[in-house]
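Let's take a friendly walk through a protein structure, looking at one helix and then at some charged pairs. Keep the 3D view open as you read.

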Amino acid sequence: MTDLYIRTAATDEAETILAFWKEAAEGTSITDDVDGVTRLIERDPEALILAESDGVVVGSVIAGYDGWRCSLYRLAVLPSHRHRGISTALLAAAEKRFLAVGGRRGDAMVLEANERAQGAWAAAGYHREDHWRRWVKPFA
């Protein structure tokens, strides 16, 4: 895709990003609100990476780094723009970020029921680790 622009998100784009995720992403999160997205960008301005085409957000990935782990969330592409290399470009940007900060391995959060996403992650060179499970406790 030649007209693709990869960039980080700005805090004033929180509503646009949330609307994009409703259309392009599977599942929801407790932090899917303007405050959650804004706090992410304010805390780590390089974490939320967007793909843009003709001024429209067509893809996203959160590449969070806490000094210990490289965590990937919300890899999503608009259905109308899939199979054009957008997720590949987003993951390349995320991995470049991780390498620049000394990251050693990327960990992706992938919904168990989302077989399409599992295929995309596998195609990008990631593999499932069945000996780990996510444990959560909402604070609100």
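## One helix, two sides

In this predicted model, helix α1 covers residues 14-24, and its buried residues are A14, I17, L18, F20, W21 and A24. Looking down the axis of α1, you would find these buried residues within an arc of 160°, so they line one face of the helix.

Now turn to the other side of α1: here E15, K22 and E23 are exposed. And what covers the buried residues? The cover includes helix α2 (34-43) along with the strands β2 (48-53), β3 (56-65) and β4 (70-77).

## Salt bridges within reach

Across the whole structure, a search finds nine salt bridges. One of them joins R39 to D35, with the closest N and O atoms 2.9 Å apart. Both residues sit in helix α2, four residues apart, which is about one turn of the helix. R39 has 47% relative accessibility and counts as partly exposed; D35, at 45%, is also partly exposed.

D130 and R128 form a salt bridge too, at 2.3 Å from N to O. D130 counts as partly exposed at 49% relative accessibility, and R128 does at 46%.

## A link between distant parts

D44 and R97 also make a salt bridge, their closest N and O atoms being 2.5 Å apart. D44 is in the loop between α2 and β2, while R97 belongs to helix α3 (residues 86-100), so this pair ties together parts that are 53 residues apart in sequence.

Are these two residues buried or exposed? D44 is buried, because its relative accessible area is 10%, under the 20% cut-off. R97 counts as buried as well, at 15% relative accessibility.

Finally, look for R7, E13 and E52, which are linked in a network of salt bridges.

Conventions: Residues numbered from 1 in each chain as written. Predicted model: local features only at pLDDT ≥ 70, side-chain atom pairs only at ≥ 80, totals over all residues. Heavy atoms only, no water. Buried < 20%, exposed > 50% of the residue type's maximum accessible area, 1.4 Å probe, protein only. Helix = DSSP H or I, 4+ residues; strand = E, 2+ residues; numbered from the N terminus. Arc of directions from axis to C-beta. Contact = heavy atoms within 4.5 Å. Salt bridge = Lys/Arg side-chain N within 4 Å of Asp/Glu carboxyl O.
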